[in-house]
Protein chains: 2
Amino acid sequence: MRAVFMNAPGEVTVEEVARPEIKESTDAIIKLAATCICGSDLWPYRGLQPVQHHSGMGHEYIGEVVEIGSDVKSVQPGDFVVGSFCISCGECETCRSGYPSRCERATFVGAGNETGTQAEYARIAWADGTLVKTPAQPTEEQLPHLLAASDVLGTGWYAADAAGAAPGKSIVVVGDGAVGLGAVIGAKQLGAEKIIVMSRNPERQALAREFGATHIVAERGEEGIAKVLELTDGKGADGVAEAVGTQQSFDQALGCVRPAGRIGSVGVPHGVSVDLGALFGKQVRLEGGPAPVRRYLPKLIELIYAGEIAPGKVFDKVLPIEQAAEGYKAMDERVATKVMLTF
Amino acid sequence: MRAVFMNAPGEVTVEEVARPEIKESTDAIIKLAATCICGSDLWPYRGLQPVQHHSGMGHEYIGEVVEIGSDVKSVQPGDFVVGSFCISCGECETCRSGYPSRCERATFVGAGNETGTQAEYARIAWADGTLVKTPAQPTEEQLPHLLAASDVLGTGWYAADAAGAAPGKSIVVVGDGAVGLGAVIGAKQLGAEKIIVMSRNPERQALAREFGATHIVAERGEEGIAKVLELTDGKGADGVAEAVGTQQSFDQALGCVRPAGRIGSVGVPHGVSVDLGALFGKQVRLEGGPAPVRRYLPKLIELIYAGEIAPGKVFDKVLPIEQAAEGYKAMDERVATKVMLTF
């Protein structure tokens, strides 16, 4: 099968390798219907995070189950499934507490595999706790929406949820990438009244508005914070979804949130230091981490099948897997927001 | 009236000054039944926080209402009241959201006054939103318990609540001062199954056990963390109540909490820096700030009148107000946990 590898920063190849096989009785093998490149894949691509030679890439996926281990009960060969980028057993105390992203038995997709999900086939561990079967075989049009649910929509939704999005609330979204745009959908569906997106990219601004943003703030730093205060009666937003992960973006989130507000932090932090006194002084509730996407998947799939949300619009470039390197380059250069790979 | 002042680090005096008067129609004047010295008063006392010459001290209080402004409705002269150290209007959106500690109109007790509550009389702003009337005149024995509710019990209770104390949960309390001991009472009342207190002081250990601690860990730092992991099946505690506010204590809290656990932080942070990546990696929910004691007061008063809790046991020294300086010294030297001042 064909699979994507990273050999060094900036060096992506597609190679012909053996298909993954069932290793544990709780595994499933899926045939990917589509996959994609994640913003987090850019950290090693840019040399900002170590990259092991010949890393199998990819952790977002949708597809058809082709084989299951003897203990898998909830999915069968032929089922179409969406899974989270976090593997989860679904049974441990942490999974049951709503945090499958911190499952006591499992880890991320691709760990322990030679290949990730940027490949024709993938082995998914703990299939019963990780995969969710769709109510029907999806149409071609539904594929990108379901693929987005696997990570960026689910992660953005978690950010909005952790930020306390609810009827009557004002929510700021810091970051206009695919996750930030997913947070807009989440904030909207959770009933937020005011959704302020910080973005200076006209296409992303337009998509944010289509997804439910009520205000766009193009300014950054102190100027951006001042604009948000203006839009929130001088108080700051009830919640902020932080979808970048830099010191600048976190400081912006903290500047935009009101006293006794919330920050949902999903941008993987890279060297971000927080003054506890500043959080304490504003009495901010902070929650963040790898999103517990599995918790939200049934709801997200339901909304997609009902035609209520169209998160797949974040894919503004579709390439055959052979051209994966071009996809990485486009995202690195910010020519594309999110690249879908097909087979 | 007599009132306590701090003139410089380490220099506490008691002086005869004029009684405070009603300034706003929402004010009440109370005649203190007792007051006390707070751990946070030690920061300026030790020169670790700036001190203005002739600062009126004190923010914990119980007493009898002697005069009210024309707009005060919920209390009358003659009523016995307990109030929070945070003034709160009770009407703004932030108060109504459960965070009177971040009231949009108000600030802390004593702000704008010449004297604090370490005085015979005090002006309490926004009386309707700040004071809670007791169901009956208290007995002499109930006074210290009610006084503790005004800050240390309420603050400890908030730490336990923010740490997610609930039936079946394991809670670590970092800090064995009066607030930490209040957190033990809170964790117990909220139903926590395992309450682990980090303390090396035999008297405080004994009181912690009396209040409901199930385990004591005398070790600190990495050794202390290792002990907590041992007591929690190697996972870490479901929640940690952090009641100190130093880098060391916060790092200890973070080391003791399990993945997807919670930290309730009530120790006023002094130069504490948090690596967001560490919080994110463990997916810790963090909440902290000045405790919204007013939210808990009705429940705390009810438990005290029912004889269910005896938080006043944290007062291990009682002095007449003339000897306030001796009280500060005893707490500074850790000879006393908490000093009550009488008139």
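This short talk covers one buried serine, the cysteines, and a small sheet in a predicted model.

I will start in chain A. A:Ser88 sits in the loop that runs between β6 (80-83) and α2 (93-96) of that chain. Is A:Ser88 buried or exposed? A:Ser88 is buried, and its relative accessible area is 1%. Its side chain reaches the backbone oxygen of A:Gly129 at 2.9 Å. If we set aside neighbours within four places in sequence, the residues in contact with A:Ser88 include A:Cys95, A:Pro100, A:Cys103, A:Trp126 and A:Arg294.

One of those contacts, A:Cys103, takes us to the cysteines. A:Cys103 is itself buried, at 8% relative accessible area. How many disulfides does a search of the whole structure find? The count is zero over all chains. For A:Cys103, the nearest cysteine sulfur belongs to A:Cys89 and is 3.6 Å away. In chain B, the closest cysteine sulfur to that of B:Cys103 is in B:Cys89, at 3.7 Å, which is too far for a bond. The cut-off for a disulfide is 2.5 Å between the sulfur atoms. B:Cys103 is buried, with a relative accessible area of 8%.

Now the sheet, which is in chain B. It is an open sheet of three strands in the order β2-β1-β4, with antiparallel pairing. The edge strands, β2 (11-16) and β4 (55-56) of chain B, each pair on one side only. Strand β1 of chain B, residues 2-8, is joined to β4(B) by two bridges. Opposite B:Met6 stands B:Ser55, in β4(B). Helix α12 of chain B, residues 324-332, lies across β1 and β2 of chain B and runs at about 155° to β2(B).

Technical notes:
Residues are numbered from 1 along each chain as its sequence is written. Chains are lettered from A and ligands numbered from 1 in the order in which they are written. This is a predicted model: local features need pLDDT of at least 70, side-chain atom pairs count only at pLDDT 80 or more; totals for chains, interfaces and linings use all residues. Side-chain values use heavy atoms; hydrogens and water are left out. Helices (H or I, at least four residues) and strands (E, at least two) are DSSP runs, numbered from the N terminus. Buried means under 20% relative accessible area, exposed over 50%, partly exposed in between (1.4 Å probe, protein chains only). A polar contact is a pair of N or O atoms within 3.5 Å; within protein, one must be able to donate a hydrogen and the other to accept it, and residues adjacent in sequence count only if both atoms are side-chain atoms. Contact means heavy atoms within 4.5 Å. Two strands pair if DSSP finds at least two bridges between them. Axes are lines fitted to C-alpha atoms, for helices over the stretch in contact, and angles run from 0 to 180 degrees between N-to-C directions.
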